[in-house]
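Biologist: I am new to this structure and would like a close look at a single part of it, taken slowly. Please choose one strand, describe its surroundings, and then place it beside some other parts of the chain.

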Amino acid sequence: MAWGRRRLPDGSEDALPKDWSRYRAGRDVEGLRRSIGLLAEETGDRTAVSTSAFILACLDRAARADGSADAGTAALTVLRAAVERGEPAVERWAVAWLEALGEPYPRLRWTTVAPEERLITSLVADAPVTALSAWDATVTDEPGFVVGTRQGGLARWEGGALRAVEHLPWTVHAVAGSAREILAGGPDGRWVLMGPREHRGRLSERPSAPVTAVALRPDGWIALGTETGSVLAGPAPAALRPMENERGGRVLLLAWRPDGGLDVVRADGRVDVWSPDPDTAAHTPAPRPEGRDRGGPTEVPGARPSVMVGPVDAAAGRAGRLALARPDGRLLTFGTGTEGPHDIRHPHVRALAWSAGNTLAVCGTDGRLEVRTPGRDDSAQVLPVHASAVAFLEEERLVCAERGEITLWSTTRSGLEEGRRAEDRVTCVATDSHAPHRVVAGTAGGGLRAYDRGVLRAAERVGFGQVDQLLAEPGSGGEVWLVASDTGLYRWRLDEPVEELAPGACTALGAVPGGEAVYALGSGIHLARQEEPLWRHPAPVTSLVVGPLGAIASLDYSGDLVIGTPGRSHRRHAGLLPGHRVLGWADRDSLVCLSGADHRGAHALVRVTKDGRVTEVVGELPPETAAAVGEDGTLVTAHPVRGLRVHEPNGTLRSVCPVPGGGGGAVGISQGRVVLGAGTELEVHDLMPAADDDAWGEVIVRVRREDRRCRLAWDSPRPRTVDLGPEPCGPETDGTGLDRLWHDADSRDVQSLSEAAHRAQLLGERVWAAGIAAAVDRARGPDPDRPVRLRWDIPDVAPLHGVPWELLHDRGTGLLCFQEPPVTTVRTVVGRPAGRGAATSAEGTGRRLTYLLGPEPALDEIPKEMARLARRLAPRGVRVERAPRFGEASRPLRHCDVLHVWAHCGDSGIGLAGGGPTDLGRFVEWACASGPPRLVVLVGCESTRAARLLIEAGTDAVVAMRRTVMTGAVSVLVEDFTVAHASGLAVDQAFARALRAYIRTGHPGAAAVPVIYLREGSIP
């Protein structure tokens, strides 16, 4: 049976390249770039928002960052941009590219960088942007902006798209615009005014100097500034006259003032204000910078006073306000009414912009764009943007340009969080294996932040000391965390104030088997609820780890390493590891430590045995490297320049991934997931091993009962388990686990059904974070549009089949049946192979559908439903016939390809005849006597037991109802499913499509009722 062709969200079919063999298994980056570029051309306007244009911009970014970036780096760059900006189609495509490469890679799962709530749209110009200008709305006109490019393009933003205005034969150096006119300047003194007063001119000075700055006044006055310092202004193109002043340095900025004056800023730091109106003085004295210019050049004396502030890297002017960025990283402001100059953290400012409301945007080379109010240090909002040009589109939006990519951001929506300060730098991270969806971070200023799948869950503070380590309190399910801080040991229950447990410098903590916390307080190692320390060091302790068997290893500033267990003797290695930090146990007998700096300033990862032998594993680590070790000995390092690196336990490099600016502050690894503190931000990666061809297309999830607990297990891309709490016994109102989910899903109360959907998401995000998300990526393999099937392998235990597993889904994705490409869910039963008489395909049985009705009067309308179905199936060559009532004929059911059974059902019997239910075993024997049908649809309440028996008898697939069902409502599901399957869709795909239609009927709880069973090994 054929799988249907998939469509991308923009409606294009198979739009992106995915035949990786044409591109040397994905390694031909330039070939991919050319193909995507041709696709962008074929789809029309290259400047429109499109998947192909977005990927081209990402590939350009990768090339800029790493020269000729290899395929892995390019794919990871595309993946990062897609995750940061919420582009699921591009995210799937990037993961498919990485899968096609066949190498291990870190799969970015979520990040707090660039929350997509603040990104409004992304555009692509025809060439790198060299000039940008915006204008505000008026009574008659909408706000907008205009860009000029290296190839001479002029484009205006209108109606949410970038539309070409003109293509000039020269590079655009400067641009200004309004709703009606565009003024642009370029090389050799060339300039152009587009609009009602269209004019193309060239300055007469010799030699011709490039026009480097332009300005357009609302009343029509225009101004031009050149490389050699000339300034001309006039009310019309033919009426330009020079500024009455000697030439100076290159004109960096021209900006009109509310009084009609013109602010002129030159690159050498000279600032003038010129009033070109003949009714006023020829020259107005320049303003003084606000505050004293500490150490800056002084005013140049003369008849026409100017201000000299020294060399200027970037400038912005608006309505009499000026901002000048100097090479030393200081920002001078004019006309804001606040004290200055203001120090900024950007060492090299690339672009500045003022808003109408006195807000300043400052963009540096570190990829951080700060939006601030001068004089207010608490007003900064940070956008993770690389930009060479920036402009405000009114107060609420900000336009940024970097090469050919243009992004439009909101400055009023805070996104996931507000911008952060230096004290919010992440110093430690932690996860809990019982709550894999949750990540907690501590900061340099005592801050605590908890995230669920990238969404801020809670935040608190433990004073002003640095947070050194975090640990989930054993048994709390990630709800309670122990905090080691410079000011003490604390307990933090989410959504409650922090509780102090012990004052003093607490630098490290852990938990011994049984759940007791062990922590370092000063020089002592303490066990919770014990007054006396287990042992003491001669110097304050820097780090502490606890092994799975309870072995404690602690290290102090002097290098003393102590290894011991509670209640037993301990062993001391005096001065063994000065300047080191212990990271974790590599195995039962050895530790991994991050060394101190050697004479060259380099660090190393070393392995230390219990008897004190030290061996280098990974060397040549630069300063500011963070490191961690996983349960299986996997080593990870993070550095702002070298990126995230994953090593085998023996030190062999496995994969490398770029990290955002400021990365490397803290890193942790648990259960194959890496948590990285990148400056003030967080991100999570799944470590994906090399692809296995056999895993594509399907994920098998095994439901298990162990120690009265319910656990899920799967093997792809690596073996994983997740604990879902006590094993279900039945639908109960108490608790928050599977029993409560079962109860709420079975309810007909709308409120309970809403709570069921919420509980399904909470459980689902734990399951997806534990590794199902990675398993789906691996199952999809190198095809981003491949449907994925989740097979739930459920033991023959009635309560486990009563749980609505199909409702589980990840945060933000919705029910699986609504996802694109589809992720279908089926239940697997181990059954015997179909006998010789069984049909294995629709074509082998004469395409016969038989339906059987129970005796209930409520089913009297079903023949009409089946007649309508027969009319829809007739063009597909399928015959529909009704079986005689059960018990009216002694002969068994005539063999058919598909059997529909409409009757009341339960765990012990099915209502096929009057006088009581028929034993399920007898029904199955009757239905399969002439060979089991290939597909059975059981339209009966609580028919999952009958479904499992049919599968065991040899039927390939059975659709059943998990609980009570309304016959009239479910007929939509039955009809749509049957027609879709007869049209060639696989049974799980047809079921997902029909389930969507059934849910749209508005029947309460529709998603939690129908289920589909497959025989193990069958191909639907």
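Modeller: What follows is a walk around one strand and its two partners, and then a look at some other parts for context. Please keep in mind that this is a predicted model. The protein has 12 helices and 69 strands in its secondary structure, and of its 1020 residues, 59% are buried. Among the contacts between residues at least 6 apart in sequence, 51% join residues that are at least 24 apart.

The strand I have chosen is β43, which covers residues 552-556. How many of the residues of β43 are buried? The count is 5 of the 5, so the strand is largely enclosed by the rest of the structure. In a regular strand the side chains alternate between the two faces of the sheet. Both faces of β43 are covered, with I552, S554 and D556 buried on one side and A553 and L555 buried on the other.

Turning to the neighbours of β43, we can begin with the strand that comes before it in the sequence. Strand β42, made of residues 541-546, pairs with β43 in the antiparallel sense, and 5 bridges hold the pairing. Within this pairing, L544 has S554 of β43 as its bridge partner, and S554 is also one of the residues buried on the first-named side of β43. The hairpin of β42 and β43 has 5 residues between the strands, and in this hairpin G550 takes a positive phi near 95°.

The other partner is strand β44, residues 561-564, which runs antiparallel to β43 and is joined to it by 4 bridges. Here L555 has L561 in β44 as its bridge partner, and L555, together with A553, belongs to the other buried side of β43. β43 and β44 also form a hairpin, this one with 4 residues between them, and G559 in the turn has a positive phi of about 100°. Strands of a sheet pair through backbone hydrogen bonds, either parallel or antiparallel; for β43, the pairing is antiparallel both with β42 and with β44.

For context, we can look at a sheet elsewhere in the chain. In which order do the 4 strands of this open sheet lie? The order is β7-β8-β9-β10, with antiparallel pairing. The edge strands, β7 (174-177) and β10 (199-202), each pair on one side only, and the twist from one strand to the next averages 10°. Inside this sheet, β8 (residues 182-185) and β9 (residues 190-194) run antiparallel and are joined by 4 bridges, with A184 standing opposite V192 in β9.

Helices pack against one another as well. Helix α9 (residues 920-928) and helix α10 (residues 944-952) have axes 10 Å apart and pack at an angle of about 45°, which makes α9 oblique to α10. The contact of α9 with α10 comprises 8 nonpolar residues, 1 charged residue and no polar ones. Further along, the axes of helix α11 (residues 967-982) and helix α12 (residues 987-1000) come within 8 Å and cross at roughly 145°. Among the residues that make this contact are L973 and F977 of α11 and F991 and L995 of α12, and by class the contact has 13 nonpolar, 1 polar and 2 charged residues. The crossing is right-handed where α9 passes α10, and it is right-handed where α11 passes α12.

Technical notes
Residues are numbered from 1 along each chain as its sequence is written. This is a predicted model: local features need pLDDT of at least 70, side-chain atom pairs count only at pLDDT 80 or more; totals for chains, interfaces and linings use all residues. Side-chain values use heavy atoms; hydrogens and water are left out. Axes are lines fitted to C-alpha atoms, for helices over the stretch in contact, and angles run from 0 to 180 degrees between N-to-C directions. Helices (H or I, at least four residues) and strands (E, at least two) are DSSP runs, numbered from the N terminus. Angles under 35 degrees count as roughly parallel, over 145 as roughly antiparallel, 65 to 115 as roughly perpendicular and the rest as oblique. A crossing is left-handed if the near helix is turned anticlockwise from the far one by less than a right angle, and right-handed if clockwise. Ala, Val, Leu, Ile, Met, Phe, Trp, Tyr, Cys and Pro count as nonpolar, Asp, Glu, Lys and Arg as charged, and the others, Gly among them, as polar. Two strands pair if DSSP finds at least two bridges between them. Buried means under 20% relative accessible area, exposed over 50%, partly exposed in between (1.4 Å probe, protein chains only). Contact means heavy atoms within 4.5 Å.
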